[in-house]
Amino acid sequence: DVYKRQREDCPQGRKLMVAYVIRRLFSGLVMLLVVTLATFVLFFSAGKDPAAQTCGKNCSPALIEQNRKALGYDKPVLVQWGNFVKGVATGREFPEDKELRKSAPDLAFSCDAPCLGYSPLQSANVTDEIKAAFPISFSIALVAFALTLILGVGFGILAALNRGGIVDKTLVGTSLIFYALPTFAIGSLLYQFVAIDWGWLPVPKYSTIADGGIGGWLSGLLMPALTLALFTAAGYVRMTRAYVLETMSEDYLRTAKAKGLSKGKTLWKHTMRAAITPIMTMAGIDFAVLVGGAPITESVFNYDGLGKLAVTSTQTPDLPTNVGIVVVLSALVIVANIIV
């Protein structure tokens, strides 16, 4: 009877899960739309004329007005936002005014979906700029994420198993030092000593898997990824240690030990199964943040990723590129949140 009821409840459970996933996807889409709207309001209503930033210091009033119409900056912010969302879904034609496209064919161009806008300062499609920078940031984040879990979770478990001992104090103290150091300091130290003076690692230079193979790709990413991992893993050491110690104090684990279950099986089959859930929830979101949250690290090692692109576009200022980067990174965080 118990198994029969479980089989009968299983389809209902699947329906509830499907409904839950649909709700989460819908809420994620709504959140992304809200983020894009807020981004437009902040960037295009901040007192600066975006059209005046499209042609440098030698802009004439006539050229500014022409660019304003060509890029749709003459429309209200809500209309610009609607055109942006439509462009992401279906693509856009610039200028949006058909008469202007006919009268000024040199300004006309098409932007295929997903279109994140056009940067007049770079004379480039924002989507193409992000496509060129995204693989570099994603690769650094991927390797840094793996190193973070290996170092953070591994040393956290080791510290918990040696609670109060010299190993515990050394690992926690060292993690606090790396957590206190800014990433540019860690990166500069690694670059100067590990790569140049001691030669333990090659001077970092990004290469794709197609150009340098897995080895060349990994060696070029190891140092910037290690810079991020040493900073990020410090928090995971303390968090893993706390969750493992909390789980080890549960009654069912004391019962398992009393029944003679080995220390290894108790740790990996019971303790880590319970302790790893909040760690992985945090890790999933941190991975999305790592993709675009390393502008200083990318600048130290001269990697042209999303972080460096964001810094450059902010200094210019290149508002369309800024908006595109914010939207892409927001989408990554939302997707990661849904997954975890």
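**Briefing: cavities, helix H3 and a disulfide**

The lining of the largest cavity comprises ten nonpolar, four polar and two charged residues. The model described here is predicted. It holds three cavities of 30 Å³ or more, and helix H3 gives the largest cavity three of its lining residues, the largest share from any element. A search of the whole structure also finds one disulfide.

**Largest cavity**

- The volume of the largest cavity is about 160 Å³.
- Its lining is made up of 16 residues, and those nearest the centre are Phe-40, Phe-44, Leu-71, Tyr-73 and Arg-92.
- Four elements each give two or more residues to this lining: helix H1 (2-44), H3, strand S1 (92-94) and helix H13 (319-339).

**Second largest cavity**

- The second largest cavity encloses about 50 Å³ of space.
- Its lining consists of Pro-50, Gln-53, Thr-54, Tyr-73, Pro-120, Leu-121, Pro-317, Asp-318, Leu-319 and Pro-320.
- Seven of these lining residues are nonpolar, two are polar and one is charged.
- Tyr-73 appears in this lining and is also among the residues nearest the centre of the largest cavity.

**Helix H3**

- Helix H3 covers residues 77-90, and its 14 residues should span 20 Å at 1.5 Å a residue; the C-alpha atoms at its ends are 20 Å apart, which agrees with that expectation.
- Gln-80, Phe-84 and Gly-87 are buried in H3. These three residues cover an arc of only 65° around the axis, so they lie on the same side of H3.
- On the face of H3 turned away from the buried side are the exposed residues Leu-78, Lys-86, Ala-89 and Thr-90.
- Gly-91 follows H3 and has a positive phi, near 95°.
- Strand S1, which has residue range 92-94, is one of the elements that join H3 in giving two or more residues to the lining of the largest cavity; Arg-92 is among the lining residues nearest the centre of that cavity.

**Disulfide**

- The disulfide links Cys-111 with Cys-115, with an S to S distance of 2.1 Å.
- This distance of 2.1 Å satisfies the criterion for a disulfide, because the two cysteine sulfur atoms must lie within 2.5 Å.
- The torsion about the S-S bond of Cys-111 and Cys-115 is about 110°, and the disulfide is therefore right-handed.
- Cys-111 and Cys-115 are both buried.

Key:
Residues numbered from 1 in each chain as written. Predicted model: local features only at pLDDT ≥ 70, side-chain atom pairs only at ≥ 80, totals over all residues. Heavy atoms only, no water. Buried < 20%, exposed > 50% of the residue type's maximum accessible area, 1.4 Å probe, protein only. Expected span 1.5 Å × (residues − 1). Arc of directions from axis to C-beta. 1 Å grid on protein atoms, 1.4 Å probe; cavity = no way out; pocket = protein on both sides within 12 Å on 5 of 7 lines; lining within 4 Å. Points joined across faces, edges and corners; volume = space filled by probe spheres on them. Nonpolar A, V, L, I, M, F, W, Y, C, P; charged D, E, K, R; others polar.
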